[in-house]
Amino acid sequence: MNIFKRLIIIFICFAFAALLLKGGHFVFKKYVFDIEKPYYAKVIDARWSVVLLNNGEKVSLAGIFIPWDKDMINYNPELEKNAGKILNGKTVKIELVERHRSGAYHKYDLVRICLEDGTCVNDYLLENGLAFFSHGYYRGKDRAFELEAKAKKEKKGIWANKDKLTLLYVGSKHWEGVHYPECPEAKKIKPEDRIEYYNRLPKVHWYRDGYPEGCPYCDEIRKTKPEHLR
Ligand SMILES: [Zn+2]
């Protein structure tokens with residue numbers, strides 16, 4: 001090992017020790033393991049899944065997707081207000097679920113928000129069919145997935161008129177990504193793992209399971225859908 005490499009290692013060790021002494025381990029925990037104490041704040045406004053707090057922060061409800069593109073098929077303007085109807089003006093408890101990732105749908109941290117009576121708003125929206133489940137690698141994903149499945153089965157909220165929704169993509173709860181419903185790969189997904197994406201544009205990652213470069217079947221299907229070739 002040359003002297004240059006040794007100096008670099010010594011420098012890294014010193015920097016790490018300094019970081020620990022300065023409370024850097026909290027920063028490390030916060031950003032690497034997403035550990036942060038829950039806190040309370042008042043909700044100024046909530047639209048779609050984005051919540052503006054009285055500390056000036058904006059956060060996003062983990063596991064919640066509410067379509068906001070007005071060109072979307074069968075767009076329902078009432079959906080925009082569902083989170084606000086429950087949250088606006090309330091003092092709530094906020095738990096960090098995941099820091100925002102580059103390339104994520106929007107730049108806010110993903111959180112769980114609970115009311116003073118203990119109601120978790122993320123769960124409430126899903127179990128009453130007031131929002132779609134949004135796939136992401138965060139804690140509690142399975143529970144959110146089950147709540148949506150239950151609302152679907154009980155035909156609550158958006159699921160009351162399921163025939164008016166358009167199934168655009170299919171994914172699995174075990175991986176992030178989508179196939180077209182007519183793709184042979186989509187048909188291999190077990191019913192209990194299947195995630196259905198209705199009325200949303202392909203801003204989610206495309207076909208990641210076994211096809212990091214893209215799914216050849218979906219590439220062919222996409223050619224028949226000119227609106228997806230933008
Ligand atoms: Zn495919």
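Visitor: Let's start with the metal. Which residues coordinate the zinc ion?

Guide: Keep in mind that this is a predicted model. To read a metal site, look for the atoms that point at the ion. Here the zinc ion is held by His179 through ND1, and by Cys183, Cys215 and Cys218 through their SG atoms, at 2.1 to 2.4 Å.

Visitor: What is the geometry of the site of the zinc ion?

Guide: Angles are the thing to check. Ideal angles at a metal are 109.5 degrees for four tetrahedral donors. In this model the angles among the four donor atoms run from 104 to 116°, and the site is tetrahedral.

Visitor: What spacing do the donors of the zinc ion follow along the chain?

Guide: Try reading the donors in chain order: the pattern is H-x3-C-x31-C-x2-C. Take Cys183 and Cys218 as a pair: they are 35 residues apart and link distant parts of the chain. Cys183 sits in the loop between strand 9 (175–179) and helix 6 (184–187), while Cys218 belongs to helix 7 (residues 216–222).

Visitor: Are Cys183 and Cys218 buried or exposed?

Guide: Buried means under 20% relative accessible area. Cys183 comes out at 0%, so Cys183 counts as buried. Cys218 has a relative accessible area of 0% as well, and is buried too.

Visitor: With those cysteines around, how many disulfides does the structure have?

Guide: Zero, after a search of the whole structure.

Visitor: On to the strands. In what order do the five strands close into a barrel?

Guide: Follow each strand to its partner until you are back where you began. The order is 1-2-3-6-5, with mixed pairing. From one strand to the next, the twist averages 60°. For a single step, look at strand 1 (residues 39–47) and strand 2 (residues 50–53), which pair antiparallel over four bridges. Within that pairing, Val43 stands opposite Leu53 of strand 2.

Visitor: Which residue in the loop between strand 1 and strand 2 has a positive phi?

Guide: That's Trp48, whose phi is about 50° although Trp48 is not a glycine. Its place is the loop between those two strands. Trp48 is partly exposed, at 22% relative accessible area.

Lys155 also deserves a look: its phi is positive, near 50°. Lys155 is in the loop between helix 5 (141–153) and strand 8 (167–172). With 58% relative accessibility, Lys155 counts as exposed.

Visitor: Now the charged side chains. How many salt bridges does the structure hold?

Guide: Twelve. Asp123 is a handy starting point. Its bridge to Arg112 has the closest N and O atoms 3.5 Å apart. That pair links distant parts of the chain, eleven residues apart: Asp123 is in helix 4 (residues 121–127) and Arg112 in strand 6 (residues 109–114).

Asp123 also meets Arg143 in a salt bridge, at 3.0 Å from N to O. Because Arg143 lies in helix 5 and Asp123 in helix 4, this pair ties together parts that are 20 residues apart in sequence.

Visitor: How accessible are Asp123, Arg112 and Arg143?

Guide: Asp123 counts as buried at 7% relative accessibility. Arg112 is partly exposed at 25%, and Arg143 is partly exposed at 47%.

Visitor: What is the partner of Glu154 in a salt bridge?

Guide: Lys156, with 3.4 Å from N to O. Glu154 is partly exposed at 40% relative accessibility, and Lys156 is partly exposed at 30%. Elsewhere, salt bridges that share partners join Asp45, Arg47 and Glu80 into one network.

Terms used: Residues numbered from 1 in each chain as written. Predicted model: local features only at pLDDT ≥ 70, side-chain atom pairs only at ≥ 80, totals over all residues. Heavy atoms only, no water. Donors = N, O, S within 2.8 Å, 3.2 Å for Na, K, Ca; no water. Tetrahedral: all angles 85-135°; square planar, octahedral: opposite > 155°, others 65-115°. Buried < 20%, exposed > 50% of the residue type's maximum accessible area, 1.4 Å probe, protein only. Pairing = 2+ DSSP bridges. Axes fitted to C-alpha atoms, helices over the stretch in contact; angles between N-to-C directions. Disulfide = S-S within 2.5 Å. Salt bridge = Lys/Arg side-chain N within 4 Å of Asp/Glu carboxyl O.
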